[in-house]
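Ready for a few warm-up exercises? Have a look at the model first, then try each task before reading its solution.

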Amino acid sequence: MNEPTEARLQMAGHWLQIGHPERTLDELQGLWGDAAVDFRAYLFRGAALHQLDRNAEAIDVLKDGLALHGPFLPLLQVLGSALRAEGRLPEAEAAYLQGLSLDPNDPDLLIGYARVCLTAGQAEKASALVERAASHAPESAVVSAARAEVAFALGNDRDMRKHSTEALSHDPEDPHARALHGTASMLTGDSRSGYNSLASAAASQPGDRDLSEAAREAKLMNHPLMAPLRPFQRFNPLVVWIAAVGIIYGLKLAGLRPLSFVFAMAWLGFCIYSWVAPPLLRRWVNRGWGS
């Protein structure tokens, strides 16, 4: 392979690494001959298509690469991720298991397989896989992020906050780590940190509508007029209602009818506020957001 061709392949990998998959595809278009079927050409093209959410195309490219070059761990890893994104979970599992049969301790393959398990609702199995990956790469940002994802699936908000903070400390600019940290912050009552992280993640990935919506909701919850409602975001509304009714009737039974009436009126006012304030604020936030 001549030097210009090798340089083009290296540049394609560079654009992919810094988050410009379109530029990667542009570089690869100019390849011909042996360079066009180099394993890196298949890997970079498949990974770029996957980053662009063109997963069906990515799967075809990666499978062609595997058919030509045989089992190759990076190809299997990206293939598994693309198959998971397409909802083809049994095929994704098969891809990761094939890779793990070649290297049972590869952290990236273990994390990828764990994410397949999370998508399938198998959080406990995913947790075991992530901890196995952690034993081989304890300082990995990917492991910290995966631990946060598992904690979210298991409903462990504080663990999610801890692990997402670890992931963010490894790479403060990583959008995925920022999204995890923002979600965890919101769940643990820190709406300001939650909004800052989610807004930063949404700004770096403007095409992600779910992330943009999460940032918008975080901005809403961070508004001063939502302060009275924040403590109740962390509790089951049914439990809050039962507790309020219990207090009202408890005060009556205790012979404190005036106090019971005052509490009932205050609760009614709070309920009206909780019904009226969020929709009005959401309309204002949406107008300021540009939608």
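**Exercise 1: a helix pair**

In this predicted model, Pro107, Leu110, Ile111, Tyr113, Ala114, Cys117 and Leu118 of α7 touch Ala123, Lys125, Ala126, Leu129, Val130, Arg132, Ala133 and His136 of α8. Sort the residues of this contact by class: how many are nonpolar, polar and charged?

*Solution.* Go through both sets of residues and give each one a class. The contact of α7 with α8 comes out at 12 nonpolar, 1 polar and 2 charged residues.

**Exercise 2: which way do they run?**

Are α7 and α8 roughly parallel or roughly antiparallel?

*Solution.* Start with the geometry: α7 covers residues 107-119, α8 covers residues 123-136, and their axes cross at roughly 165°. Next, bring in the cut-off: angles over 145 degrees count as roughly antiparallel. So α7 and α8 are roughly antiparallel to each other. To finish the picture, the two axes come within 8 Å, and the crossing is left-handed.

**Exercise 3: another pair, further along**

Describe how α12 and α13 pack, and say what kinds of residue meet there.

*Solution.* First find the helices: α12 is residues 191-204 and α13 is residues 209-221. Their axes are 8 Å apart, at an angle of about 150°. That makes α12 and α13 roughly antiparallel, therefore, and α12 passes α13 in a left-handed crossing. Now look at who touches whom: on the α12 side the residues include Gly194, Tyr195 and Leu198, and among their partners in α13 are Leu211, Ala215 and Met221. By class, this contact of α12 with α13 holds 10 nonpolar, 3 polar and 1 charged residues.

**Exercise 4: reading the annotations**

Where does UniProt put the "transmembrane region" and "repeat: TPR" features, and what does the model show there?

*Solution.* The unreviewed UniProt entry gives "transmembrane region" for residues 235-255 and 261-281. Take residues 261-281: this span is 100% helix, and its end C-alpha atoms lie 30 Å apart. UniProt's "repeat: TPR" sits at residues 73-106, also from an unreviewed entry. Here the span is 79% helix and 0% strand, with its end C-alpha atoms 9 Å apart.

**Exercise 5: the whole chain**

Is the protein chain a compact globule or more spread out?

*Solution.* Begin with the secondary structure, which is 15 helices and 0 strands. The radius of gyration is 25 Å, well over the 19 Å that the globule rule gives for 291 residues, so the chain is more spread out than a compact globule. As a last step, check the principal axes: the C-alpha trace spans about 90 × 40 × 30 Å along them.

Note on methods: Residues are numbered from 1 along each chain as its sequence is written. This is a predicted model: local features need pLDDT of at least 70, side-chain atom pairs count only at pLDDT 80 or more; totals for chains, interfaces and linings use all residues. Side-chain values use heavy atoms; hydrogens and water are left out. Axes are lines fitted to C-alpha atoms, for helices over the stretch in contact, and angles run from 0 to 180 degrees between N-to-C directions. Helices (H or I, at least four residues) and strands (E, at least two) are DSSP runs, numbered from the N terminus. Angles under 35 degrees count as roughly parallel, over 145 as roughly antiparallel, 65 to 115 as roughly perpendicular and the rest as oblique. A crossing is left-handed if the near helix is turned anticlockwise from the far one by less than a right angle, and right-handed if clockwise. Contact means heavy atoms within 4.5 Å. Ala, Val, Leu, Ile, Met, Phe, Trp, Tyr, Cys and Pro count as nonpolar, Asp, Glu, Lys and Arg as charged, and the others, Gly among them, as polar. UniProt positions are given in the numbering used here, feature names are shortened, and annotations may be inferred rather than shown by experiment. The radius of gyration is taken over C-alpha atoms; the globule rule is 2.2 Å times the number of residues to the power 0.38.
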